[in-house]
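Here is a friendly note to read alongside the structure. Have the sequence and the 3D view open as you go through the points.

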Amino acid sequence: MRKTIVLAYVAKYPEIREVGGNKVANLVLADTDRGYTTKSGKVVEEHTEWINATVWGGLAEVVDKYVKRGDQLYLEGKDVTRSYD
């Protein structure tokens with residue numbers, strides 16, 4: 001079983017829609033590793049990972065009601081990789 005845990009900030013307002021009578025929320029999250037300089041003087045640049053997440057049903061309704069840009073979210077779920085031709 002694959003499980004992904006993410007603690008990140010909502011980068012833009014969630015996109016809410018309905019599919020077959022169920023609410024669906026699409027989220028874009030941002031997780032930034034801050035830059036720093038090591039003792040030896042090496043500079044490590046700041047790096048941001050962008051994470052797309054989709055939630056369905058009751059959780060999508062909670063997102064619709066309470067989540068906005070800038071909020072910090074904790075998400076657990078299955079990581080799915082998609083490919084397109």
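How do the residues of the lining of the largest pocket divide into nonpolar, polar and charged?

1. Let's answer that straight away: the lining has nine nonpolar, six polar and six charged residues. Please keep in mind that this is a predicted model.

2. Now for the pocket itself. The largest pocket holds about 700 Å³ of space. It is lined by 21 residues, and those closest to its centre are Asn52, Ala53, Thr54, Lys78 and Val80. Try finding these five in the 3D view.

3. Which strands build the lining? At least two residues come from each of β1 (4-10), β3 (22-33), β6 (47-56) and β7 (72-77). Strand β6 gives the largest share, with five residues.

4. Next, look at a hairpin. Strands β2 and β3 form it, with two residues between them. In the turn, Gly20 has a positive phi of about 60 degrees. The two strands run antiparallel, and five bridges join β2 (residues 15-19) to β3. As an example, Glu18 has Lys23 in β3 as its bridge partner.

5. Finally, a residue to click on: Trp50, which sits in strand β6. Is Trp50 buried or exposed? Its relative accessibility is 56%, and exposed means over 50%, so Trp50 counts as exposed.

6. Trp50 still has neighbours from elsewhere in the chain. Leaving aside residues up to four places away in sequence, Trp50 touches Ala11, Val28, Leu29 and Ala30. The C-alpha atoms of Trp50 and Asp31 are 6.6 Å apart, although 19 residues separate the two along the chain.

Notes: Residues are numbered from 1 along each chain as its sequence is written. This is a predicted model: local features need pLDDT of at least 70, side-chain atom pairs count only at pLDDT 80 or more; totals for chains, interfaces and linings use all residues. Side-chain values use heavy atoms; hydrogens and water are left out. On a 1 Å grid over the protein atoms alone, a cavity is a set of points where a 1.4 Å probe fits but cannot get out, and a pocket is an open set with protein on both sides within 12 Å along at least five of seven lines; lining residues have an atom within 4 Å of a point. Grid points are joined across faces, edges and corners, and a volume is the space filled by probe spheres set on the points. Helices (H or I, at least four residues) and strands (E, at least two) are DSSP runs, numbered from the N terminus. Ala, Val, Leu, Ile, Met, Phe, Trp, Tyr, Cys and Pro count as nonpolar, Asp, Glu, Lys and Arg as charged, and the others, Gly among them, as polar. Two strands pair if DSSP finds at least two bridges between them. Buried means under 20% relative accessible area, exposed over 50%, partly exposed in between (1.4 Å probe, protein chains only). Contact means heavy atoms within 4.5 Å.
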